[in-house]
Structure formats: C-alpha cells, structure tokens
Amino acid sequence: MQHVLQIKENTSIQSTPLLHTHTSSLFLCLPLFSAKVGKTSLIMSLVSEEFPEVPYRAEEITIPADVTPERVPTHIVDYSEAEQTDEQLFQEISKVGLLPSDKALISLCVCACRVPLILVGNKSDLVEHSSMETILPIMNQYSDIETCVECSAKNLKNISELFYYAQKAVLHPTGPLYCPERKDMKPLCVKALTRIFKVSDLDNDGILNDNQLNFFQRTCFNAPLAPQALEDVKNVVRKNVSDGVRDNGLTLNGFLFLHTLFIQRGRHETTWTVLRRFGYDDDLELHQDYLFPQLKVPPDATTELNHDAYLFLQGVFDKHDKDRDCALSPEELKDLFDVFPYMPWGADVSNTVCTNDKGWITYQGYLSQWTLTTYLDVQRCLEYLGYLGYSIVAEQESQAAGITVTRDKKIDLQKRQTQRSVFRCNVFGDVCSGKSGFLQAFLGRNLMSQKNIREEHRSFYAISTTYVYGQEKYLLLHEVFPDNDYMSDADLACDIVCLLYDVSNPYSFEYCAKVFKQYFMDSKTPCMMIAAKSDLPEVKQQYGCTPLEFCRKHKMPPPQSFTCNTAAAAPSRDIYTKLTTVAMYPHVSQADLKSSTFWLRASVGAAMFAVLGIAMYRVLLKPR
C-alpha cells in the first residue's frame, strides 16, 4: 500500500526505502495514548495481522531484526492506566521513542524528556475525512515531533508503517540535525559535516572531485555513483547554490546544501548514514568507541606507528604543505588540525622536534611528534588519528590497525635482536649540568639558538631520527627531574640511561654516581656517562674516584665528551648515534663498546641517509 507522509515543513513526499544502518542495539517503542483510543489494538493488529480481541494491556513484544526494514530488533511496550503507575510510565518514557495521540500527553512527553515523538491518528475507519489539517499545527508547535500518520487497527491501515516510522524516528531523528523554524541545519550538524568534507577532500583544494565523491559514496553506501547520477547531483547544486560547484567539483557549501535538501525531503537517514560512518553518535559527538578502539598493550611492550600509518600521516602533511617547503607554517598547521575539536599541539612541540630556521615544524619533526605521542600515550594517538579520519581514508577497521605493539623487551634481550624502531633514553643529571642543552642539541640547536627558548615553552622531551648500520631509528630523549627520592617507574623505564655531568663543576659527577648506584647498578639497562660542557676547562670531580675509573669499575663505556657551544655550526650528532646503538644492542660486550671500529661501523652512512631522506621527500613533493 502506497501512503503519503506529512513532513513538518507542511510538504508531502512519498515514503522511500531507508539506507541500511548497522546497529546491534535494541530500542523501545512505547504507544502512549489516552484511554480508549486503541493503543493496545495497534500492537495486537501488528502482531496478528488481524483485528483481534483486545486485553487491557499487551505483553511486551520483541520484533526480530530480520523482519524489520532497518534490520534492528524492536521492543514494543504497552501502557495501561489500570495496571501501571505514573512512575512506571516515566521510567518507560526515559528509554523509548514515543507514539502519543493526545495533545496534553505531547506536552507531557516533550517536558519529561527529549526523545523522538511521532503523532498517530488512530481509528481512521470511523471518519470520512483526514485529520491532517488539525494535526499539522500541533506538529509545528512541538519541534520534537518527527512525523504524523493516520491509521486504523480495525482495517489494518498503515499499521506496519506506523512502527516503521517509529523505528525511523529513533534511528534517524530529525531533531539533532535540523531546525524547522530556521529551515536550516543546526550548528553541530554543520560542524560535523564540515569535518567530514575536509577529511574527504584528500588534496585539500576545497572541492570534492569525481574521484573523491565516488570514494565518499563507496565509503558510506558501499556503491559508487554512476557518471550521470554524479552530474545530476552537481546540476541540482548548481541551480540552487551559486558557489556550490567549482572546477566541476562539489564545494563545502554545495555539500552542506545537499544534506539540507535530504533532510527537508525526509531523507535524513542519508545524512545519518554519513555521520555514523564517520564516527558520530546520536548527539553528533564522535563516539568513544570510534575514537578509542580496543588495543591491548601488554606490560613491557611499547607502541609504534606502522608503515601504513606513516604513509597516511605523510599524505596528511603533503595535503597541507601548500608551499612545498617541507615544513608547516602556523597557518598550515592550524588548517591541518581544523578537524580537531581543539588544538592538540602546544608551543612546547617546537622545542621537542626539529624545526626550520623560522621555527616551523619540519616534515621530519612532524613525523617525530606523532611517533612520540604513539610511544608515550597511544590512546591519545588513536584519538588524533580518529579526528583525521584514518580508518576512513586508509580503509581500515579502526585506528588500531595503524599501531604496532612490540614484543616484550625480555624476548629481545634473549634473542639479542629487536624489531623496534623507537628507543627511549632517560637523561639524568644535577641542576645546571646541561641536560636541556643536550636535548636541544639533538634537534640541531647550538647554545646560542637555545637562548631564544622561553621558559614556559620548554620541553622535557626531544625526539628525532638517527641511523645505525643504515637503519633509521627514532631516539626519544627524556629529561628526568633531579630528585633522587622520588623516581617513578616512568623515570626508570627506558632502553638506555644517560648520566650527564658538567666537567666545569666539581660536584656535578657525584649526583650521577648516586643515581647509578641507587637505581641502575643491578639493572640490565645499559648506561652511558656524558661529560657535558667539554668546551669549558675541566676540573677535578669531588668524588672518591674519577669518572673514567668509575666507568671502568662498573663496566660502562668511558665518559663521552659533549658540548653544544659550537658557534654557528650545529652540535655533533655522534653521541646520539652511540646512544641509539647501545639501546639497540644492550648485549654488546664492553670491549666492543670501547672499540673505535665498532662505533665507526655503527655510524657509517648516517649523514648520507639523512641527506638522502630529505632529498627523496623533496622529489615526492614535486607539483602534481
């Protein structure tokens, strides 16, 4: 039977089949009527497909998913004034989509809780005229009412359709999307669709071309648009929005217009399908399950980005690096994070990763910061990848597919090899021993350039790449606060310990010796002593033995001289290669660590690989 559904805008359209929506949740549908209006008859007629004897109240009924258009199990709850209290009524109202037919009850439902409502005119077999003219003003008065429909339990008119619209009102409510008074989409809906557009605009040129539109269509509806259908869509937009189509592609304004049109024509299930595919819940917030997919990380394991995730992030960088200078200007960085609800990177990031001479985060620094986030806080990384639409663009089940969980470090030690790419070095040293300078030198900054860093923008982390035997690895330096009595597990958990002292301060080494004896003397974590500020005159350390004798006694490599006071040149990176090498090969013998041949083999090709890496990226960034 064909029927006409009255929409709030006072227009009418023929009902259309719904796009499929996947959900495993039950929802309740409560017929809420005045007494003697036929509410129980509606339920009994739906179940028996005939007009039966009617009890005071129908039993609770669950309609299986396979017999409903939406493929969602539907739980129907009846209400009887004779058998139930007002308290029970309100408990049910708080759970369900409602079908009232009395104006007083409509007011009650709207005030009681914000749930979808549809207005039902029952016993249409008893009148010869339609009541729609009477009902439409009530619909316009209460924006929570989704639709209205006339039916007859006796003649079985529109019975199944009634419950179909109840399903639709719950699964695809108009309220969160559209304001009937303004005849426009609500701000939260516009915000969500704007993010979806920007995620789908893979080249960030402000339009969705035919390839991107077809990718979007396949992503949301599992089928591409035929070429003629694609042109028809753009023609509709051209006729209604002056700037809706540009360079034969759909602009953001055109995209928003299409969804406004869907909603106005009663096809809001189309917009809901898009929103839910991109992770939004019924309140138009990104769902927690979308942002934080399940990821098990055992103790003593670490988390890293895998190859697919790096490719995705490289694509995001490429898309926003408009001037192709291998760095992100403040405007480009802001544009990149425009799909986030907040700015995730603060001013300290510029002092955590490599930047260019303007202080802009470079391509290498950008990937380093993502690597740091993944290592230190993988849940935050999953959230960030969710905002960027990783699972959509990379066509993965979730962001968790972009994360590698490494095996237990104990296994690496047993097998004397590791597949990890990120190694953590905790840097210990007394106050003013040069720890901050050591971290900043890793990012290519000498003492003079470090003086420009503001205290409130200081970072206790530094991360960049090093090359060991031709393999690119990330070294993460963490400056540990100098307090012997309050060392946390995070302070102690690392792949290598860096004990740093000031050669010009006679009391600086004592702190390093105490930390080593208290926390690392019986540990299997390798340690390396750094003699910082080696450009200054060296003084005798006020300790029972010299730093060299201490290292020999505890089977450590000899102290490594280091300075970041290198005039115009960038500080040497040799020490960082050594730290990474020892972190990768903690089983290497003391004799090998003292061998200059070992260090030469470890560092060979490092500069060549660094130069080739940036050169290759510049080649890849040639204009398309």
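Start by selecting helix H7 (residues 210-221) and helix H10 (residues 268-277) in this predicted model. Their axes sit 9 Å apart, and the two helices pack at an angle of about 90°, so H7 and H10 are roughly perpendicular to each other. To see what makes the contact, show side chains: on the H7 side pick Phe216, Thr219, Cys220 and Phe221, and on the H10 side Thr270, Thr273, Val274 and Arg277. Colour them by type and the contact of H7 with H10 splits into four nonpolar residues, three polar and one charged.

Next stop: aromatic rings. The count comes to 27 aromatic pairs. For one of them, select Phe197 and Phe255: the ring centres are 5.6 Å apart and the planes are at 55°, so this pair is tilted, falling neither under 30 degrees nor over 60. Zoom out a little and you'll find Phe197 in helix H6 (residues 187-200) and Phe255 in helix H9 (residues 252-264), so the pair links distant parts of the chain, 58 residues apart. Are these two buried or exposed? Phe197 has 4% relative accessibility and therefore counts as buried; Phe255, with a relative accessible area of 3%, is buried too.

Now jump to Phe438 and Phe562. This aromatic pair is edge-to-face, with 5.0 Å centre to centre and 80° between the planes. Phe438 lies in helix H18 (residues 435-442), while Phe562 lies in the loop between strand E23 (560-561) and helix H23 (574-584), so the pair ties together parts that are 124 residues apart in sequence. Phe438 and Phe562 are both buried.

For a bigger aromatic selection, grab Phe317, Phe337, Phe340, Tyr342, Trp345, Tyr363, Tyr366, Trp370, Tyr384 and Tyr387, which form one aromatic cluster. Keep Tyr366 and Trp370 highlighted: within the largest nonpolar core, of 73 residues, they are the ones with the most contacts. Which helix gives this core its largest share? That's helix H15 (residues 378-388), with seven residues. Centre the view on Trp370 and, leaving out residues up to four places away in sequence, you'll see it touch Leu305, Leu313, Trp345, Cys381, Tyr384, Leu385 and Leu388. Another core lies apart from that one: it has 27 residues, and Leu439, Ala462, Cys564 and Met584 are among them. As background, nonpolar side chains tend to be buried together in soluble globular proteins.

Time for some backbone torsions. Select Glu395, which has a positive phi of about 55° although it is not a glycine. You'll find Glu395 in the loop between helix H16 (390-393) and strand E17 (403-405). With a relative accessible area of 63%, over the 50% cut-off, Glu395 is exposed.

Then go to Tyr469, also not a glycine, with a positive phi of about 50°. Tyr469 is in the loop between strand E19 (461-468) and strand E20 (471-479). How accessible is Tyr469? At 33% relative accessibility, Tyr469 counts as partly exposed.

Last stop: Gly315, in helix H12 (residues 307-320). Gly315 has a relative accessible area of 35%, so it is partly exposed. Add Leu202 to the selection and draw a distance between the C-alpha atoms: Gly315 and Leu202 are 8.4 Å apart in space, but 113 residues apart in sequence.

Methods
Residues numbered from 1 in each chain as written. Predicted model: local features only at pLDDT ≥ 70, side-chain atom pairs only at ≥ 80, totals over all residues. Heavy atoms only, no water. Axes fitted to C-alpha atoms, helices over the stretch in contact; angles between N-to-C directions. Helix = DSSP H or I, 4+ residues; strand = E, 2+ residues; numbered from the N terminus. Parallel < 35°, antiparallel > 145°, perpendicular 65-115°, else oblique. Contact = heavy atoms within 4.5 Å. Nonpolar A, V, L, I, M, F, W, Y, C, P; charged D, E, K, R; others polar. Phe/Tyr/Trp six-rings, centres within 6.5 Å; stacked < 30°, edge-to-face > 60°. Buried < 20%, exposed > 50% of the residue type's maximum accessible area, 1.4 Å probe, protein only. Core = buried A, V, L, I, M, F, W, Y, C linked by side-chain atoms within 4.5 Å.
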